[in-house]
Amino acid sequence: MFTIEHEFDATVVTLVDEGEAPLREDLTINLFDDGATVEQFDPRSGETVCVNLSAHQLRDLAMALDLPEGTYRRRSVK
């Protein structure tokens, strides 16, 4: 299950783990004009872990979801 919310400065996507136990904490992705953050609560440390992605990294991640194993470089289109 997932939710999508549009806020003033970001689109927030929350992914809820509905797989088999043990389930993971919700994953929150905040999408901004210049990149994204991925956040997840870590119950072992009691803190939320945050990863920042640039817009380039986010585009590469989206492309990587549909590609086979290998090393790739995105070419600029002029």
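Colleague: I am looking at Asp 42 in the structure above, and I would like to learn how to read burial: is Asp 42 buried or exposed?

Modeller: Please keep in mind from the start that this is a predicted model. A residue is called buried when its relative accessible area is under 20%, and exposed when that area is over 50%. Asp 42 has a relative accessible area of 17%, so it counts as buried.

Colleague: With which residue does the side chain of Asp 42 meet in a salt bridge?

Modeller: The partner is Arg 44, and the distance from N to O is 3.4 Å, which lies within the 4 Å cut-off for a salt bridge. Arg 44 has a relative accessible area of 78%, so it is exposed, whereas Asp 42 is buried. The structure holds 1 salt bridge, and the pair of Asp 42 and Arg 44 forms such a contact.

Colleague: Before I go on, how should I judge the confidence of the prediction, and what pLDDT does the chain average?

Modeller: The average for the chain is a pLDDT of 92, and 100% of the residues score at least 70. If you go through the elements one by one, strand β5, residues 47-54, has the highest mean at 98, and helix α1, residues 55-64, has the lowest at 91.

Colleague: Now to the strands: how many bridges join β3 to β4, and in which sense do the two strands run?

Modeller: Strand β3, residues 27-32, and strand β4, residues 35-42, run antiparallel and are joined by 6 bridges. They form a hairpin with 2 residues between them. To follow the pairing by eye, you can start at Ile 29, which stands opposite Val 38 in β4, and then look at Leu 31, whose bridge partner in β4 is Ala 36.

Colleague: Over how many bridges do β4 and β5 pair?

Modeller: Those two strands pair over 8 bridges, in the antiparallel sense, and Gly 35 stands opposite Ser 54 in β5. The hairpin of β4 and β5 has 4 residues between the strands, and there Gly 46 takes a positive phi near 75 degrees. As background for reading such an angle, most residues other than glycine have a negative phi, and most peptide bonds are trans.

Colleague: Which peptide bond here is cis?

Modeller: It is the bond from Ala 21 to Pro 22, with omega near 0 degrees. You will find Pro 22 in the loop between β2 and β3.

Colleague: What lies on either side of that loop, and over how many bridges do β2 and β3 pair?

Modeller: β2 and β3 pair over 5 bridges in the antiparallel sense, with Thr 14 standing opposite Thr 28 in β3. Strand β2, residues 11-15, also pairs with strand β1, residues 2-6, in the antiparallel sense over 5 bridges. In that pairing Glu 5 stands opposite Val 12, and β1 and β2 form a hairpin with 4 residues between them.

Colleague: Is Thr 14 buried or exposed, and which residues does it touch?

Modeller: Thr 14 has a relative accessible area of 15%, so it is buried. Leaving aside residues up to four places away in sequence, Thr 14 touches Met 1, Phe 2, Thr 3, Asp 26, Leu 27 and Thr 28. You can read Thr 37 in strand β4 by the same steps: its relative accessible area is 11%, so it is buried, and its contacts, counted with that exclusion, include Thr 28, Ile 29, Cys 50 and Val 51.

Colleague: Which residues form a nonpolar patch on the surface?

Modeller: The patch is formed by Phe 2, Ile 4 and Leu 15, with about 300 Å² of accessible area together. Ile 4 has its place in strand β1.

Colleague: Finally, where is Arg 73 found, and how far apart in space are Arg 73 and Ile 29?

Modeller: Arg 73 belongs to the segment after α1, and with 78% relative accessibility it counts as exposed. From C-alpha to C-alpha, Arg 73 and Ile 29 are 24 Å apart in space, and they are 44 residues apart in sequence.

Technical notes. Residues are numbered from 1 along each chain as its sequence is written. This is a predicted model: local features need pLDDT of at least 70, side-chain atom pairs count only at pLDDT 80 or more; totals for chains, interfaces and linings use all residues. Side-chain values use heavy atoms; hydrogens and water are left out. pLDDT is the predictor's confidence in each residue, from 0 to 100. Two strands pair if DSSP finds at least two bridges between them. Buried means under 20% relative accessible area, exposed over 50%, partly exposed in between (1.4 Å probe, protein chains only). Patches are made of residues with over 30% relative accessible area and no salt bridge: like charges are joined within 9 Å, nonpolar side chains (Val, Leu, Ile, Met, Phe, Trp, Tyr) within 5 Å. Accessible areas come from the Shrake-Rupley method with a 1.4 Å probe; for residues, only the protein chains shown count as cover. Contact means heavy atoms within 4.5 Å.
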